[in-house]
Amino acid sequence: MAPLPNAELVQNSLQLYRYLLRCCKQLPEENIRQHYRHAVRQSFKLHADEDNPERIQQIIKRAIEDADWVMNK
């Protein structure tokens, strides 16, 4: 189960970034939302130079799985 509909439509890093920020908006407490927004932004900056398409798809898949775990926690 994905945290938001259309997780399967995420194809690139910018779409992933927006998707994850939308997930953060659904979290129950402001301090939790701020924590995960910060983590999403840091991860986006960390992987901004990635150019290997296979690695990008791995990152996208893992990020969606992690978001699912956080949303169901």
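Which side chains meet in a salt bridge at 2.8 Å, N to O, with Glu30 as one partner? The side chain of Arg33 is the one that meets Glu30 there. A salt bridge here is a side-chain nitrogen of Lys or Arg within 4 Å of a carboxyl oxygen of Asp or Glu.

Before going on, some conventions. The model is predicted, and local features need pLDDT of at least 70, side-chain atom pairs count only at pLDDT 80 or more, and totals for chains, interfaces and linings use all residues. Residues are numbered from 1 along each chain as its sequence is written, and side-chain values use heavy atoms, with hydrogens and water left out.

**Stop 1: Glu30, Arg33 and Arg37**

Select Glu30 and Arg33. Both lie in helix 2 (residues 30-46), three residues apart, about one turn of the helix. Helices (H or I, at least four residues) are DSSP runs, numbered from the N terminus, as strands (E, at least two) would be. Arg33 counts as buried because its relative accessibility is 18%, whereas Glu30, at 38%, counts as partly exposed. Buried means under 20% relative accessible area, exposed over 50%, and partly exposed in between (1.4 Å probe, protein chains only).

Add Arg37 to the selection. Arg37 also forms a salt bridge with Glu30, with the closest N and O atoms 3.2 Å apart. Arg37 is partly exposed, with a relative accessible area of 22%.

Now show the surroundings of Arg33. Leaving aside neighbours within four places in sequence, Arg33 is in contact with Cys24, Lys25, Leu27 and Pro28. Contact means heavy atoms within 4.5 Å.

**Stop 2: Lys61 and Glu65**

Move to helix 3 and select Lys61 and Glu65, which lie four residues apart in that helix, about one turn. Lys61 forms a salt bridge with Glu65, and the closest N and O atoms are 2.8 Å apart. Lys61 is exposed, with a relative accessible area of 53%. Glu65 counts as partly exposed at 39% relative accessibility. Back in the earlier selection, salt bridges that share partners join Glu30, Arg33 and Arg37 into one network. The count of salt bridges by this rule comes to four.

**Stop 3: helix 1 against helix 2**

Select helix 1 (residues 13-25) together with helix 2 (residues 30-46). How do these two helices pack, by angle and by distance between axes? The angle is about 170° and the axes are 9 Å apart. Axes are lines fitted to C-alpha atoms, for helices over the stretch in contact, and angles run from 0 to 180 degrees between N-to-C directions. Helix 1 and helix 2 are therefore roughly antiparallel to each other. Angles under 35 degrees count as roughly parallel, over 145 as roughly antiparallel, 65 to 115 as roughly perpendicular and the rest as oblique.

To display the contact, pick Ser13, Leu14, Tyr17, Leu20, Leu21, Cys24 and Lys25 on helix 1, and Arg33, Tyr36, Arg37, Val40, Arg41 and Phe44 on helix 2. By class, this contact of helix 1 with helix 2 has eight nonpolar, one polar and four charged residues. Ala, Val, Leu, Ile, Met, Phe, Trp, Tyr, Cys and Pro count as nonpolar, Asp, Glu, Lys and Arg as charged, and the others, Gly among them, as polar.

Center on Leu21, which lies in helix 1. Leu21 counts as buried at 18% relative accessibility. Apart from neighbours within four places in sequence, Leu21 is in contact with Arg37 and Val40. For a distance label, join the C-alpha atoms of Leu21 and Asn52: 31 residues apart in sequence, 24 Å apart in space.

**Stop 4: helix 1 against helix 3**

Keep helix 1 and add helix 3 (residues 53-72). This pair packs at an angle of about 5°, with axes 11 Å apart. Helix 1 and helix 3 are therefore roughly parallel to each other. Ser13, Leu16, Tyr19, Leu20 and Cys23 of helix 1 make the contact with Ile59, Ile60, Ala63, Ile64, Ala67 and Met71 of helix 3. The classes in the contact of helix 1 with helix 3 are ten nonpolar, one polar and no charged residues.

**Stop 5: the largest nonpolar core**

A nonpolar core is a set of buried Ala, Val, Leu, Ile, Met, Phe, Trp, Tyr and Cys residues joined through side-chain atoms within 4.5 Å. Select Val10, Leu16, Tyr19, Leu20, Val40, Ile60 and Ile64, which touch the most other members among the 14 residues of the largest core. Helix 1 and helix 3 each supply at least two residues of this core. The largest share, seven residues, comes from helix 1.
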